[in-house]
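Got your viewer open? Here's a walk through the model, one selection at a time.

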Amino acid sequence: METRHRIAVITSGGDAPGMNAALRSVVRGALSRQAEVVGFYTGYDGLINDDSVKLGVHSVSGIINRGGTILHTARSADFLTEPGRAKAYQVLEKHQCTGLIILGGDGSFRGARDLSHEYKFPVIGVPTTIDNDVGGTDYTIGFDTAVNNAILCIDKIRDTAESHERVFVVEVMGRNRGFIAMEAALAGGAEGILVPEIKPDLPALAERLIKGHRRGKTSSIVVVSEGAGGADMSARPGEDELPRSPSVSISYHVADVIAGLTGLEVRVCVLGHIQRGGPPTAFDRSLASRLGAAAVDHLLAGTHDVMVGRQMGKIVITSLDESLKESQALDKKVLDLVERLGR
Ligand code: F6P
C-alpha cells in the first residue's frame, strides 16, 4: 500500500510578512496532492514540546493578506542542542510525519540541516525573512514588504524634514546585511546610506550633505542599517568604525557626528519592527504562494535537504548546505547610485 504523506510545517525565526501566505500555500498545496499537514506552534520549540495542530483547508482561510504568522514563531535555543533535536525527531516520529517544511531564514535552515543530517529526516526550507540574506534565491519572502513599509515611513519623514530643513537619520533593520537599507535608500531618494558591509566614512558623508545644502537642498535623509559600523566599541565617532552598544542604536552616534561636522539640525528615526508588520505586498504573496507549493511538490517527489527559491523568475532548489554558505553580495554600484542620485 502507498505511504500516506503527512507533512509537518513550522514558521521559525523572525516573522516575515508573507509567512501566512506561504503557510496557506503549503497546506493547500499538500491537500491538493492528498497529503496531510500538521502544524507546530512557535517554531522548533513547538516541535520539541509537541504543540501541534492539524491543518485543514479552512485553517488557512483569510490569511493570505495577513502579516505575522498564525503558527507563531521563535528562535529556539533548545533546537541548537543535540538533545533538543532528538526530542523534536521523536515528536515527528510520533506524529508519523514523513517530512518537515520550515518557513524561516538562515538560522532556521541551519537547524533543519542538522536535523536532516543526524536523523536522515526529509526537510525542505522556504526562505522567509525581511533581511533577504539567504543564498539560493533572488528574494526572500517578506523583504519586499519591509522595503515598502520603510519607504512609506521615509516619505512621511521627508515631509517634516523638508519643513524644518533638517537632516534625518533613518534606521532600518538588517543586523548583518544592508539589503533593506539599499533598496529603501534608492527608492526613498535618500542622500546617504550606511550598511554593515562597508566601513562608514562619516566625514565624507558630512561633506556631501554640506555640499547638497549649499546647492539649495532643504532636507537630507541618511538611511542606516541597524548593523552598520561593525562591532568595534572602542573607536571614536568619525573614525572608520562606529561605536557600538547592543542597547543603543548606532544611529544616535551617526546623528551626533553628522551634526558636529555639518552644523545642520539632525534628528533620528528608528523604524524598528514597523518594517516587519502589516499586510504583505502582492510580490510577497505571490512569491510565497509559488514557493510554499513548490516545497510540497519537491518533498513529495523525494527531494529533500534543500530550500526552494526563485532566481531569474524561475523556481529553483539549492541544497541547504549551499544556501548557508553564501547569500548574494550587496551590489556596490547601487550604493554609488544612491549617492549620485541623492546629490
Ligand atoms: O531577521 C529579521 C530581523 O528583523 C533583523 O532584521 C533584525 O536584526 C532582527 O530580526 C530583530 O530581531 P528581534 O525581532 O528578535 O528583535
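## Stop one: a buried charge

Select Asp133 to begin: leaving aside residues up to four places away in sequence, Asp133 touches Asp106, Thr140, Arg177, Phe179 and Ser327. Contact here means heavy atoms within 4.5 Å. You'll find Asp133 in the loop between strand 5 (123-127) and helix 5. Helices (H or I, at least four residues) and strands (E, at least two) are DSSP runs, numbered from the N terminus.

Before moving on, a word on what you're looking at. This is a predicted model, in which local features need pLDDT of at least 70, side-chain atom pairs count only at pLDDT 80 or more, and totals for chains, interfaces and linings use all residues. Residues are numbered from 1 along each chain as its sequence is written, and side-chain values use heavy atoms, with hydrogens and water left out.

Now, which side chain of opposite charge is nearest to Asp133? That's Arg177, 6.5 Å away, and Asp133 is buried yet has no salt bridge. Buried means under 20% relative accessible area, exposed over 50%, and partly exposed in between (1.4 Å probe, protein chains only). A salt bridge is a side-chain nitrogen of Lys or Arg within 4 Å of a carboxyl oxygen of Asp or Glu. As for charge, Lys and Arg count as positive and Asp and Glu as negative, while His and the chain ends are not counted.

## Stop two: salt bridges

Side chains of opposite charge can pair when their charged atoms come close. How many salt bridges does the structure hold? There are 16.

Select Glu36 and Arg4: they form a salt bridge, with the closest N and O atoms 3.0 Å apart. Glu36 sits in strand 2 (residues 36-40) and Arg4 in the segment before strand 1 (6-11), so this pair ties together parts that are 32 residues apart in sequence. Add Arg6 to your selection, and you'll see its side chain meet that of Glu36 in a salt bridge too (2.7 Å, N to O). Arg6 belongs to strand 1 and Glu36 to strand 2, so here the parts tied together are 30 residues apart in sequence. Is Glu36 buried or exposed? Glu36 is buried, at 16% relative accessible area, whereas Arg6 is partly exposed at 23%.

Next, pick Lys94 and Asp50, whose salt bridge brings the closest N and O atoms to 2.4 Å. The pair links distant parts of the chain, 44 residues apart: Lys94 is in helix 3 (residues 82-94), and Asp50 is in the loop between helix 2 (44-48) and strand 3 (52-54). Lys94 is exposed, with a relative accessible area of 58%; Asp50 counts as partly exposed at 25%.

Then highlight Arg85, Arg113, Asp114, Glu118 and Asp321 together: salt bridges that share partners join them into one network.

## Stop three: helix 6

Select residues 179-187, which make up helix 6, and look for Phe179, Ile180, Ala181, Met182, Ala184 and Ala185, which are buried. What do the buried residues of helix 6 pack against? Show helix 5 (143-164), strand 6 (167-172), strand 7 (192-194), strand 8 (220-225) and helix 11 (332-341) to see their neighbours.

For a distance label, try Leu337 and Met182: their C-alpha atoms are separated by 10.0 Å, and the two are 155 residues apart along the chain. Leu337 lies in helix 11 and is partly exposed, at 26% relative accessibility. Just after helix 6, click Gly189, which takes a positive phi of about 65 degrees.

## Stop four: two unusual turns of phi

Most residues other than glycine have a negative phi, and most peptide bonds are trans. With that in mind, select Thr42, where phi is positive, near 50 degrees. Thr42 is in the loop between strand 2 and helix 2 and counts as partly exposed at 27%.

Lys120, also not a glycine, has a positive phi of about 55 degrees. Look for Lys120 in the loop between helix 4 (106-119) and strand 5, where Lys120 is exposed with a relative accessible area of 66%.
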